[in-house]
Amino acid sequence: STLPANMNAMIRQLPRLSAASTKLSRCAFASRSVHIEKKIEELGIELPAAPAPKANYNITCRVPDENTLYVSGHLPITADGTLITGALNPEGGGLTVEEGYEAARHCGLNIIATLKNHLGDLDKVEQVIKVFGIVNSSTDFKHQHLVMDGCSDVIMEVFDKPVGYHARSAIGVNTLPLDASVEVEAIVKIKS
């Protein structure tokens with residue numbers, strides 16, 4: 001052979017180095033402590049069926065050559081298919097902050113169900129970037145941010161930091177489609 005003696009020795013080492021690096025990468029993969037579907041099960045959370053669009057739009061949209069997934073507005077549909085309706089207006093006989101919180105939580109669960117349906121595996125979520133919440137509320141209701149904690153809290157329960165920790169906006173409007181009490185959309189970075 002025309003290779004220097006130390007090069008021949010290095011080449012003979014390659015199979016052992018390759019096996020060691022494979023073992024290392026398996027260890028790194030095996031040390032991953034959270035598999036999201038398992039965590040959802042352990043938390044006792046039941047995901048609803050992924051919702052279908054209620055009009056002429058796509059429930060998710062991914063820009064070609066990007067790892068960003070835009071998730072359309074999701075309504076507070078419970079596991080049994082009931083839509084939570086009505087305005088947040090505790091003083092006027094409408095929904096309370098606690099009821100709005102639960103509605104927003106259902107929006108979050110529906111978003112997670114859509115992500116699972118779209119991606120096949122929730123571990124493909126790299127980062128929940130932003131959540132935008134719209135709360136059907138009276139003009140004197142000023143606690144949209146507390147209502148939206150329902151969505152943010154369930155996203156954090158499921159994905160934890162840093163994956164689930166997101167930017168957020170919450171606004172109040174005088175009506176929503178189908179008289180839904182809350183609507184939430186999201187922007188999610190997915191693993192390539």
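**Figure 1. Lys 161 and the ring of Tyr 165 in the predicted model.** In this predicted model, Lys 161 is placed over the face of Tyr 165, 4.7 Å from the ring centre. Lys 161 is also joined to Pro 162 by a cis peptide bond, with omega at about -5 degrees. Pro 162 belongs to the loop between α4 (144-159) and β4 (167-173). Most peptide bonds are trans, and most residues other than glycine have a negative phi. Aromatic pairs number 0 in the structure.

**Figure 2. Two non-glycine residues with positive phi, Asp 160 and Leu 178.** Asp 160 has a phi near 60 degrees, a positive value in a residue other than glycine. The residue is located in the loop between α4 and β4. Asp 160 counts as partly exposed, because its relative accessibility is 39%. Leu 178, likewise not a glycine, has a positive phi of about 60 degrees. Its place is the loop between β4 and β5 (182-190). With a relative accessible area of 54%, Leu 178 is exposed.

**Figure 3. Surroundings of His 166 in the loop between α4 and β4.** His 166 has a relative accessible area of 15% and is therefore buried, the limit being under 20%. Its side chain makes a polar contact of 2.9 Å with the side chain of Ser 152. A polar atom of the His 166 side chain also lies 2.7 Å from the backbone oxygen of Gly 164. When neighbours within four places in sequence are left aside, His 166 is in contact with Val 128, Ile 129, Lys 130, Val 131, Ser 152 and Ile 155. Ser 152 thus appears both in the list of contacts of His 166 and as a partner in a polar contact between side chains.

**Figure 4. Lys 39 and the backbone of Glu 157.** Lys 39 is part of helix α2, which spans residues 36-43. The residue is buried, because its relative accessible area of 17% falls under 20%. The side chain of Lys 39 reaches the backbone oxygen of Glu 157 at a distance of 3.1 Å.

**Figure 5. Gly 133 in strand β3.** Gly 133 is buried, with a relative accessibility of 0%. Its contacts, apart from neighbours within four places in sequence, are Met 148, Ser 169, Ala 170, Ile 171, Glu 183 and Val 184. His 145 is 12 residues from Gly 133 along the chain, and the C-alpha atoms of the two residues are separated by 8.7 Å.

**Figure 6. The largest nonpolar core and the surroundings of Leu 115.** The largest nonpolar core comprises 34 residues, and those with the most contacts inside it are Leu 115, Met 148, Phe 159, Val 182 and Val 184. Two or more residues of this core come from each of α2, β2 (68-74), α3 (97-119), β3 (125-136), α4 and β5. Helix α3 gives the most to this core, with 8 residues. Beyond residues up to four places away in sequence, Leu 115 touches Leu 69, Val 71, Gly 120, Leu 122, Val 125, Phe 159 and Val 188. A second core, separate from the largest one, has 5 residues, among them Leu 75, Ile 134, Leu 176 and Ala 180. In soluble globular proteins, nonpolar side chains tend to be buried together.

**Figure 7. The protein chain as context for the close-up views.** The protein chain has 4 helices and 5 strands. Along the sequence, these elements follow the pattern α-α-β-β-α-β-α-β-β. Of the 192 residues in the protein chain, 38% count as buried. Among contacts in the protein chain with a separation of 6 or more, 78% involve residues 24 or more positions apart. The accessible surface of the protein chain comes to about 11,000 Å², and carbon and sulfur atoms account for 55% of it.

Key: Residues are numbered from 1 along each chain as its sequence is written. This is a predicted model: local features need pLDDT of at least 70, side-chain atom pairs count only at pLDDT 80 or more; totals for chains, interfaces and linings use all residues. Side-chain values use heavy atoms; hydrogens and water are left out. Buried means under 20% relative accessible area, exposed over 50%, partly exposed in between (1.4 Å probe, protein chains only). A polar contact is a pair of N or O atoms within 3.5 Å; within protein, one must be able to donate a hydrogen and the other to accept it, and residues adjacent in sequence count only if both atoms are side-chain atoms. Rings of Phe, Tyr and Trp (its six-membered ring) pair if their centres lie within 6.5 Å; planes under 30 degrees apart count as stacked, over 60 as edge-to-face and the rest as tilted. A charge sits over a ring if NZ of Lys or CZ of Arg is within 6 Å of the ring centre and within 35 degrees of the ring normal. Contact means heavy atoms within 4.5 Å. Accessible areas come from the Shrake-Rupley method with a 1.4 Å probe; for residues, only the protein chains shown count as cover. A nonpolar core is a set of buried Ala, Val, Leu, Ile, Met, Phe, Trp, Tyr and Cys residues joined through side-chain atoms within 4.5 Å.
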